[in-house]
Structures are given as C-alpha cells and as structure tokens.
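Visitor: Could you take me on a close look at one part of this model? I'd like to stay with a single stretch of chain and see what sits around it.

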Amino acid sequence: MMRYTSTRDNQKSVTAAQAILQGISTDGGLFVPEKMPQIDLAWMQALCDKSYNQRAVEVLKLFLTDYSDEQIATCVNKAYTAEKFNADDMVELARISDQEYLLELWRGPTCAFKDMALQLLPQLLTTAVKITGSDDEIVILVATSGDTGKAALEGFKDVAGTKMLVFYPVDGVSPMQKRQMCTQEGSNVRVCAIKGNFDDAQTGVKTIFGNKELAAEMAAHGKKFSSANSINWGRLVPQVIYYVSSYVQLMADGEITPGEKVNVCVPTGNFGNILAAYYAKCMGVPFGKFICASNKNNVLTDFLRTGIYDRNRNFYATSSPSMDILISSNLERLLYKMSGEDDAQINTWFDALKKEGRYEVSDSVKEKLSTEFYGGFCDDADTAKTIHDVFTECSYLCDTHTAVAVKVYRDYKAETGDTTKTIIASTASPYKFANDVLKAVDESLMTDDEYENLAVLSKVSGVEIPKQLASLKEKAVLHTDVTEKEKMAEYVRGQIL
Ligand SMILES: *Cc1c(COP(=O)(O)O)cnc(C)c1O
C-alpha cells in the first residue's frame, strides 16, 4: 500500500485518496510518496506497444494503490479522449535536431500542458470522494492569472459532484485568456472578475479557505472546499506519466537504445513539471541531467547556482507569463527528498522564506542539486530570436515558453559540450501566444486583431489553428460578474449556499 506523508511532518501518513482530497497537509506541508515505486527496463519495454492511456493506467496503479484498477482505467479514459485532445495521441514527440526532442503537451482543450493534469484531477478527486466514503459536494475555488483558470474550468465542467468558481484580476489577463474564460460552458462553473490584481485574487481565495465559519456552514449543506492548484498531488502524478511515456516512446521508435541516458529540459514556473520528470528518474527512468529554464524572473537559476533562494527582487512581466513567478511551491518537495526527508529542516527553510523571503540550503543539498540540475534563463529578446531561429532552421513553430527552454538547452549544450539526447517540454501551442509568436517570426505581418494574427501565422507556417481557439470568436460571453476584492466570500456564499 502506497502511503503519503507531509514535507513538514513526516509522522503523518495518509492514503492517495486522502492526499488528493485534502490538497495540502494541515501543517502547511505538501504530500509526497513515503517511498517512490520502482520500475525497470523490462517494465518500460512492456509498455512500448501500448497506448498513452494504457501507459497512464500502469503508472497510476503504482501510485494510487487505494484506487481499484477499474477505477483508475475509468478515470484515465474519461480524462484523455481523442475528442477532447483533438488528436489520436495525447502527446507527441517532435524531433527538431539530432539531440532535441520536443515533447508536445498542448493537444488538450486549452492548448497548454496544464490540461494533462487538469483533465485527470477531477476524475481522481471525485473517485477519492467515493473511496473515502464521503458524499460531500466538492467546491473548487481557483484564483488565476490566466492559464490555470481555463484549464481547471475545462476539467471540471459538468463533472457530477463538483462546483467551480474562478476568480481573475479584471485587468490582469490577456484578451484571449479573458475570452477563453468568459465563454466557458458547463452547468457547474462560474467565472468572476475581481477589482484587484492576481495577488488580491489569490489572497481572497486563501482567506476563504481559512474561514472556519463558512466551512461549517458549507459542511451543514454537505459541501466541502478543495483546491485545483499545483500543490495538489492529484495534479503532479499525471505529469509523471508523460515523462515515463516519452522515454518508452523513444525506445519504441528506435530513437534510443534501451537504457540510454536522456536529459530533460523544462520551462519552469512553479517547479511542478520539472519535479515530475525528476520523480520519473527516482522511479528508475534513465534520465540524466534536468535543465531548468526560466525567463527574466530567474530566481530558480540563481538558486540552482548558489543554493540561496531569494525572492526579494523585481518581478517582471514577460512574454512567457505562465513562468512569471517568484515562489516556486513545488521546490519544497524536491528539497524534502534531497535533504534526506528532513522535515525539521524544511520547516526552518520555509519559515525563513515566509519571514525573510530567503533561505540557503546546506552544502550537501547544494551538491546534490548541482549533480542533478542545471539552471539557466533567457530574456524576451532571446526568446523571440529563438522562435525565429527554430522556425527558419527547423521549420518548427514554438510558443514563447517552449522557446525559453530551447534557448537554455542550447546554452547548456554550448557550455558543457554534453550531446546527450534531450526531451524538451513544449508547454503551449504557439497559437495561444500568437501575437508574440508572429512578431518573432515576421513583425511586418502583424495586425491589430489577434484573430487575424492567428490566420496569418497559420498561413506562414502551414500549421493548422487549433479549433479550440479558432471557435472562440463565435462563442457567446456567458460570464460577466465582477466583484470587489473584499466581497469574494459573500460572492461565494451567494453562488454556493
Ligand atoms: C504553467 C506553465 C508553465 C510552468 O510550469 P510549472 O509546472 O509551474 O513549472 C510553463 N509553460 C506554460 C505554458 C504554462 O502554462
């Protein structure tokens, strides 16, 4: 039986269903597996001729031992359908040079990699409700700066036993992101703008989660709050699947010999995606170096190079907005493992982060970090140049986030001479950030209309516009609610009770 403990109190021990239902441990720590399940080459080779969904079931069986095999298969097959993913394969590997394999994770309903986790999470969560014998309705609250909100809405829409409310800053999201959210269909979802910035929305949601009176009132009505952000184990475990699957796929395609080492490069914000790759290595996938790519908000680059995490710095709005973040929550899970599962040490470091905005890890952790990870960053000008270079040299169109990863990977290769084949996570469709991508490809073709830019980009590249984005223009606006940031709890009460 696989059990989970908290990074801040490793006396705690819960089942997978409990960990997923709770989201975060009551001590403020994150849930992690007590022991990593182990797989070997033979196990992976047996998956070579299996579909993505079959591979997903096999990986999940190792982690969710309190779910039945049938429950797992049902969750997977409801989450990953050819219809929702607009493709036969949920993910694709595109080789753009001798060493570079782009792992395309954006075939889902919102055209970004968050769909891989947020399509599966609602299934895992509603099954967890059944397993734990509760019949409460789950009310998910999300504060979003754009991408997470839409992916969560698509994942939870019309899922029985759940309701979802999404809050976004009224002037803080892109027109495309706003349109994606405000045209959202589904009988159980509401979207509301708040008069404030993203931090106000986030603080408002956290305050509601901590409101005991409201929680009691909800309980009396058979309802319970939960969260869909990336600290939930149910969002991390789906990401481990695609790293295992991509190694299996490289073997199946004859691109590597079985057991050959492969590096992984990930454009990183909250550290969830790259952590999933590291967990796959801990399970036995022959991964080499992890290349952690940041934009100008390079707090992780500095950390990986010096062992000092310091969030006291400027915040920059960049062309890769989903990586504009100064506190990478999932780093806590990595440090728990690298410190030898020292929960006291984790408490000390994260208290310091809260109080002083800074901590420094021990020498032994620094050494482990530099063995496993390389950190690099790139600014908006280099991001645009990389989109341009990759398009002209490899006839491949990549989005701004993916371009950051390609650039940092190329810097790594030039600096170290390491020519190991590398999986580079491609986290969004280029059409999701069409203005910046078109500008990088050929600025003279830019128009003032984002939909027109989609069409131009498609004409230049020959790559089809995802129908999820093309159809937005015709969709009716269904959500126009706006509230004061002080009145979020009242709004929730009005919608739910
Ligand atoms: C969220 C996001 C990222 C960052 O992923 P993390 O798991 O937070 O590190 C990168 N690219 C895109 C397009 C995203 O939406």
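Guide: Let's start at serine 322, which is in contact with Lys114, Asp147, His401 and Phe433, leaving aside its neighbours within four places in sequence. Bear in mind as we go that this is a predicted model. Serine 322 has its place in the loop between S12 and H14. Of its partners, Asp147 gets a polar contact: the side chains of serine 322 and aspartate 147 come to 2.6 Å. Is serine 322 buried or exposed? Neither, quite: its relative accessible area is 29%, so serine 322 falls in the partly exposed class, between the cut-offs of 20% and 50%. Along the chain, proline 267 is 55 residues from serine 322, yet their C-alpha atoms are separated by 9.5 Å.

Now slide back along the loop to threonine 318, also placed between strand S12 (308–310) and helix H14 (331–338). Threonine 318 has a relative accessibility of 12%, and because buried means under 20%, this residue counts as buried. Its side chain has two polar partners to look at. One is the side chain of asparagine 295, in a polar contact at 3.0 Å. The other is on the backbone: the nitrogen of serine 320 lies 3.0 Å from a polar atom of the threonine 318 side chain. Not counting residues up to four places away in sequence, threonine 318 touches Asn295, Lys296, Asn297, Asp324 and Asp380.

Go back to Lys114 for a moment, one of the residues that serine 322 contacts. Lys114 takes us to the ligand, since it is listed among the closest of the 15 residues that surround the ligand, together with Gly269, Asn270, Asn273 and Thr427. A polar atom in the side chain of lysine 114 lies 2.5 Å from a ligand oxygen. Asparagine 270 uses its backbone instead, with a polar atom 2.7 Å from an oxygen atom of the ligand. On the threonine 427 side, an N or O atom of the side chain is 2.9 Å from a ligand nitrogen. On its own the ligand has 380 Å² of accessible area, and the protein covers 96% of that. As for the make-up of the shell around the ligand, count five nonpolar, eight polar and two charged residues.

One more of those ligand neighbours is worth following. Asn273, among the closest residues to the ligand, is also touched by tyrosine 243. Beyond asparagine 273, the contacts of tyrosine 243 include Leu103, Val264, Val266, Phe287 and Ala425, not counting residues up to four places away in sequence. That brings us into the largest nonpolar core, with 112 residues, where Tyr243 is one of those with the most contacts inside it, alongside Phe63, Leu64 and Tyr359. Helix H11 (residues 233–252) gives this core its largest share, 12 residues. Another core, of 38 residues, lies apart from it and has Ala293, Val456, Leu457 and Leu472 among its members. As background, nonpolar side chains tend to be buried together in soluble globular proteins.

So, to retrace the walk: start at serine 322 and its side-chain contact with aspartate 147, cross by way of Lys114 to the ligand, and finish at Tyr243 in the largest nonpolar core.

Note on methods: Residues are numbered from 1 along each chain as its sequence is written. This is a predicted model: local features need pLDDT of at least 70, side-chain atom pairs count only at pLDDT 80 or more; totals for chains, interfaces and linings use all residues. Side-chain values use heavy atoms; hydrogens and water are left out. Helices (H or I, at least four residues) and strands (E, at least two) are DSSP runs, numbered from the N terminus. Buried means under 20% relative accessible area, exposed over 50%, partly exposed in between (1.4 Å probe, protein chains only). A polar contact is a pair of N or O atoms within 3.5 Å; within protein, one must be able to donate a hydrogen and the other to accept it, and residues adjacent in sequence count only if both atoms are side-chain atoms. Contact means heavy atoms within 4.5 Å. A residue is near a molecule or strand if one of its heavy atoms lies within 4 Å of it. Accessible areas come from the Shrake-Rupley method with a 1.4 Å probe; for residues, only the protein chains shown count as cover. Ala, Val, Leu, Ile, Met, Phe, Trp, Tyr, Cys and Pro count as nonpolar, Asp, Glu, Lys and Arg as charged, and the others, Gly among them, as polar. A nonpolar core is a set of buried Ala, Val, Leu, Ile, Met, Phe, Trp, Tyr and Cys residues joined through side-chain atoms within 4.5 Å.
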